[in-house]
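Thanks for coming. I will walk through one structure today, going from a single residue out to the core and then to some charged pairs. Please look at the display while I talk.

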Amino acid sequence: MTDFVAQEGTVTLDSEPTLDTWGTKGYLMAEQHEALLEFIETADVEQITAAKFRSESLENVALRFLRARQFSLPASLELLAKCVEKKESCRAKYFAQLKEDECVQCDNEALKNYYPHSMLGFDKLNRPILFEQSGKVNPAAITSMTTYSNLIDYHWLTMEKHLNEMFDTSFRTNGTAIISTCAILDLEGLGLVHCTGAALEHVQALIALDNVCYPETLGKMFVINSPWLAGDYKHTLFICYFILIIFYFYFLFCLWWCVLYSDYLGSNSKLAGPAHSS
């Protein structure tokens, strides 16, 4: 299977993909190794088991939570507790047993026409490839078929069942499972229609969920076919600067208007001049 790299809006091959080895088994510094031993000795085994993927060792899940908190033992244990609490309160195991249609409460295959995404197998490092055509997402059509709350439930199904199955397949094929994913976001067609408040809140909710329950799982992310606004930071900065100038002059205009027509401020305002007579 190939490894993907974004280059000038196309997908090309990377001949030498590499894993980030910082804080992983076999590459630990003395302080990190000590923190790992303390984590395993201190943490509740049931909590570690609840947080891990099926094919994942207890040592590996401990290292994921430690890396997420820069090997701070108290912060890592706190994150582990939050992970277990969130999974229990959101009924992650329950949604992992449902079918896709039951989670989204509609025809999931039809929903994928407006929310195109899939798992494309594995890359050269045996990481599951998660592919999403973000630019072709239709927020209006999605909300006409389901709710963002149902999509969160569907995300639990994806992570707790489908991704677990991908890691299990990797383990059976190679004898080891790399608990890491390769995500590809295709932004072709991305526009302001995708930047609704509800859609952005949904993305933030997914990120917050993954940061707590699946830390250090994303190994690599590639963005392809990015629009010029997202791909060229100089254009982005210019537009932001231009918008700030517009708001600055608008503010001055409003201030001038209020001083000129003091009835809007009231006679007791420090900015108010003599009251106008009718």
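Let me start with Gln 32, which, apart from its neighbours within four places in sequence, is in contact with Trp 22, Gly 23, Tyr 27 and Phe 71. Gln 32 is found in helix H1. Is it buried or exposed? Gln 32 has a relative accessible area of 5%, so it is buried.

Before going on, I should say that this is a predicted model. The protein has twelve helices and six strands. Of its 278 residues, 35% are buried. Among contacts with a separation of 6 or more, 72% are between residues 24 or more positions apart.

Now the core. In general, nonpolar side chains in soluble globular proteins tend to be buried together. Here, the largest nonpolar core has 43 residues. Which residues have the most contacts inside it? They are Phe 39, Phe 65, Leu 80, Trp 156, Cys 213 and Tyr 214. Eight helices, H1, H2, H3, H4, H5, H6, H9 and H10, each supply at least two residues of this core. Helix H9 gives the most, with nine residues.

Take Leu 80 as one example from that list. Not counting residues up to four places away in sequence, Leu 80 touches Phe 39, Ala 43, Gln 47, Ile 48, Ala 51 and Phe 65. Two of these, Phe 39 and Phe 65, are also on the list of residues with the most contacts inside the core.

Next, helix H10, residues 197-213. How far apart should the ends of this helix be? At 1.5 Å a residue, its 17 residues should span 24 Å, and the end C-alpha atoms are 24 Å apart, so the two agree. The buried residues in H10 are Ala 199, His 202, Leu 206, Leu 209, Val 212 and Cys 213. Looking down the axis of H10, these buried residues fall within an arc of 160°, so they line one face of the helix. The general background is that an α-helix has 3.6 residues a turn, so residues three or four places apart point the same way. On the face of H10 turned away from the buried side are the exposed residues Glu 201 and Gln 204. What covers the buried residues of H10? The cover includes helix H3 (58-68), helix H4 (73-89) and helix H9 (148-174).

Leading into H10 is the loop from strand S5 (181-186), and Gly 191 has its place in that loop. With a relative accessible area of 25%, Gly 191 is partly exposed. Gly 191 and Pro 227 are 36 residues apart in sequence, while their C-alpha atoms are 8.3 Å apart.

On to the strands. Met 221 is found in strand S6, residues 218-224. At 44% relative accessibility, Met 221 counts as partly exposed. Leaving aside neighbours within four places in sequence, Met 221 is in contact with Ala 183 and Leu 185. Leu 185 lies 36 residues from Met 221 along the chain, and the two C-alpha atoms are separated by 7.6 Å.

Strands S3 (residues 117-122) and S4 (residues 128-132) pair in the antiparallel sense over four bridges. The bridge partner of Met 119 in S4 is Leu 130. The hairpin of S3 and S4 has five residues between the strands, and there Asn 126 takes a positive phi near 65°.

Last, the charged pairs. Side chains of opposite charge can pair when their charged atoms come close. How many salt bridges does a search of the whole structure find? The search finds eight, and I will show three.

Arg 127 forms a salt bridge with Asp 123, with the closest N and O atoms 2.7 Å apart. Both Arg 127 and Asp 123 are buried.

The side chains of Arg 64 and Glu 56 also meet in a salt bridge, at 2.7 Å from N to O. Arg 64 counts as buried because its relative accessibility is 0%, and Glu 56, at 3%, is buried as well.

The third pair is Lys 87 and Glu 160, whose side chains meet in a salt bridge at 3.0 Å from N to O. This pair links distant parts of the chain, with Lys 87 in helix H4 and Glu 160 in helix H9, 73 residues apart. Lys 87 and Glu 160 are both buried.

That is the end of the walk-through.

How values were computed:
Residues numbered from 1 in each chain as written. Predicted model: local features only at pLDDT ≥ 70, side-chain atom pairs only at ≥ 80, totals over all residues. Heavy atoms only, no water. Expected span 1.5 Å × (residues − 1). Buried < 20%, exposed > 50% of the residue type's maximum accessible area, 1.4 Å probe, protein only. Arc of directions from axis to C-beta. Contact = heavy atoms within 4.5 Å. Core = buried A, V, L, I, M, F, W, Y, C linked by side-chain atoms within 4.5 Å. Pairing = 2+ DSSP bridges. Salt bridge = Lys/Arg side-chain N within 4 Å of Asp/Glu carboxyl O.
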